[in-house]
Every structure is written in structure tokens, then in C-alpha cells.
Amino acid sequence: MLNKNWFMRYPLREFPIRNALKSFVGNYVLRRPVPILLSLSVTHRCNARCPFCDFWKSQPVKEMNTEEINKIVRDAYDLGCLTAVFTGGEALLRKDLPAILKNADEVGLSTFVLTNGYLLAKRMPEIYRNLDVVSVSIDFPDSRHNKTRGIEGLFEKAVEGIKIAQDYGLSTNINSIITGSHTLKDIEALLSLADSLNSGTTFSPIFKLPEVCGQGTYIGKFSDDFNIMTLNDWDHVDKIMSRLLYLKKHQYRKVLQNTAAYLELVKNKGDFSCHPLSLQIGVSPSGEVGALCSLGLYDCYSLGNALEHSLKEIWYSEKAEHLRTKFKDCKLSAEVGCYLLCVAELSLMYDRPSMILDYVKRLF
């Protein structure tokens, strides 16, 4: 389970205490944002065919080489980050991922990889030495997952990969997207699966972009198969979140990694102050720096290129500061169901420092 393996893989003596203190003082005393998380998309290439994403249909984009990525990772540590999350596309398609992880580990960051899990078992012997956490996308507790992600045998390979990651002593998490096709039985089966694998799990609802932001989701246009996944009735989400809140309290406290605050927010389809450029910073495969806004508002994906400027210059630029002010007043969450987990959870934590205790409790 995540709490047990965290100390095994990441002992306190190696924790970046300087950055933790810098982040706490900046974010909660001075209220001058310091990011704790670097989200670095190392590629847009993907071997899945998800109906809510069109990365796999897009033209290839120029990808940074190993040393360019390493430079950005060093910049992120200097800026104050505690964690580097490597994502895609499918991050495991990068042949140089072991070197990228080694650099991040040596710099002093904790390392996460987000993956669909298809290649996880194959690549684990190369990457485990410098990896702390693997988060694997599994939406359904059976072969339906193969259909929604467009790869035959994906569910089985993802589960196999999680088991092997556990054997190597890594922490694991299962990330599940809630759709209109999910039943309460599916949700409980996913929790049971995570528990049986000694893994954590998180849930977040799928959503459509409003017309003003374009057609589809923040990672592309919907395919024709999306209709089977659409959430048309928030009462359905309400029931699922209510059940998750109950199970978090009574049965799966250490398995279910969502905070109660996030689950309550989604259940009630509530508004919150969005801070997609306060505790996290996003970098594209070509080095473009942007906010992790699900809707792509305010031209927020092009703050500058990290190969031309340091992350610190971009983070404290006039445009970035202006964006933070505008985002605080965004109230589109209730209107469109915009509750991207990595943004909403951290936004809540930015406004409610007491939520840090919820994360600490995961360790024990």
C-alpha cells in the first residue's frame, strides 16, 4: 500500500526539507506561490486509443532530448518542487526514461510515472531504481477497460505491471475515470482490486469542455465512442461519491487516496477557487510551460519555453501572475463538472492548509 512503501522507498533523510519549508512559507505565510509538483509530459505518443483523448491521432510533436528534460527537472528543483510527475501520452514509450528518472532522483525530487500500464511489466527492471510511485489508469475492473482504452489485453497487463512494481518495492496507485457507464458495483470492485493489489486508488469524473473552450476535453476531441462514457446525470455522480465517502470512512481509508474534501466537492458539484498555476507547473514535450487548467482558459498553455528561459523566470513572470489572479475567479467547475483531480485537490489544499493533514495521514 502507498503509505507502507513510501518510507521504504523514500526515507526521511532524503526528503527535500529545504524545498518543503520553502513551499510552506511561500504558499501559506507569504502567499507567494511556490510549486510542489512538476508535471512533465515527456511525449504525446501513445499506444492507447482512448475516446476522450486525441493525442494518439495528432501529428507528432517535437520532443525534448534527455539533457533538455534534465535541465528542466533541475530548474524545477531550484524553483521549489518536491515531486516530478512524468506523463504523456504514454511515458513508457520514451526509451530514455531510465536516464530521465535517474537525473530527477539524483537532483532530489520524488519521482512519479503515470502510465496505462501496458508496458509496465516489461520496463520495470529498467526504471525501478529511481522511481518512487507508479500510477496506472484502470477504469473498469474487467475487460471493459480494454474496450474503453482501445488496447486488447490492457487490463491484464496493467494488473500484472502493478504486481511487478509492488515486487520491486514501489508504491502504486490506480487512477480511475468515472463515466456514465459505471455502476456502484464497478466502483466497489475497483476498490477491492486496489486493496487486493496492496495499492492506493483515486477517482475523478470525466467531463466535456463547454463550447467556448472547444469540442472535447483538455486532452483532445471526443471520438464517436465517447457517447457510451458521457456523464449526463450528476445524480449518478452524487451516488458514487456518497458511496466513496462512506467506504473511505468505514472500509478503505488507506486504499482510497482522494481526500474527503474533494469527494464532497464533486458530490455536491460545488464551486472552488481554481489554482492550476500555484502548487503545480506543467511542461509539454517541446518545453512549453503552462498551467494545468482543464479548460485551457486565458491562453494558459503558452507562458514561455523552458529551454529558452528558466522555470523561475517563467513562474514569476508578469503573465503568470496575471493568470493566477484570473483563475481565482473562475467558477466553471459547477457548470461543466470540471474537477480534474491533480488540479482540484491541490487547489483545495492551497486554500485550506489543514488539508495537508489528510495527506500526512496516508503515511500511517
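The protein holds 15 helices and 9 strands, and the model in which they are seen here is a predicted one. Of its 364 residues, 58% count as buried, while the accessible surface of the protein comes to about 15600 Å², with 54% of that area belonging to carbon and sulfur atoms. The chain also brings together residues that are separated along the sequence: if one takes the contacts between residues at least 6 apart in sequence, 74% of them join residues at least 24 apart.

The strands are a good place to begin a closer look. An open sheet of 9 strands, with mixed pairing, can be followed in the order β6-β5-β4-β3-β2-β1-β7-β8-β9. At its edges lie β6, which covers 200-205, and β9, which covers 304-305, and each of these two strands pairs on one side only. In general, the strands of a sheet pair through backbone hydrogen bonds, and they may do so in parallel or antiparallel fashion. Within this sheet, strand β1 (residues 37-41) and strand β2 (residues 83-87) run parallel and are joined by 5 bridges. A reader who wishes to locate this pairing in the structure can start from Leu 40, whose bridge partner in β2 is Phe 86.

From the sheet we can turn to a helix and follow one residue in it. Leu 245 lies in helix α9, which is formed by residues 234-250. Leu 245 has a relative accessibility of 16%, and because buried means under 20%, this residue counts as buried. Leaving aside residues up to four places away in sequence, Leu 245 touches Ala 260, Leu 263, Glu 264 and Lys 267. With one of these, Leu 263, the separation can be stated in two ways, since the two residues are 18 residues apart in sequence and, from C-alpha to C-alpha, 6.7 Å apart in space.

The last stop is the enclosed space inside the protein. The count comes to 1 cavity of 30 Å³ or more, and about 90 Å³ of space lies in the largest cavity. This largest cavity is lined by 13 residues, and those closest to its centre are Phe 272, Cys 274, Leu 295, Cys 330 and Cys 338. Taken by class, the lining of the largest cavity consists of 11 nonpolar and 2 polar residues, with no charged residues.

Conventions. Residues are numbered from 1 along each chain as its sequence is written. This is a predicted model: local features need pLDDT of at least 70, side-chain atom pairs count only at pLDDT 80 or more; totals for chains, interfaces and linings use all residues. Side-chain values use heavy atoms; hydrogens and water are left out. Two strands pair if DSSP finds at least two bridges between them. Helices (H or I, at least four residues) and strands (E, at least two) are DSSP runs, numbered from the N terminus. Buried means under 20% relative accessible area, exposed over 50%, partly exposed in between (1.4 Å probe, protein chains only). Contact means heavy atoms within 4.5 Å. Accessible areas come from the Shrake-Rupley method with a 1.4 Å probe; for residues, only the protein chains shown count as cover. On a 1 Å grid over the protein atoms alone, a cavity is a set of points where a 1.4 Å probe fits but cannot get out, and a pocket is an open set with protein on both sides within 12 Å along at least five of seven lines; lining residues have an atom within 4 Å of a point. Grid points are joined across faces, edges and corners, and a volume is the space filled by probe spheres set on the points. Ala, Val, Leu, Ile, Met, Phe, Trp, Tyr, Cys and Pro count as nonpolar, Asp, Glu, Lys and Arg as charged, and the others, Gly among them, as polar.
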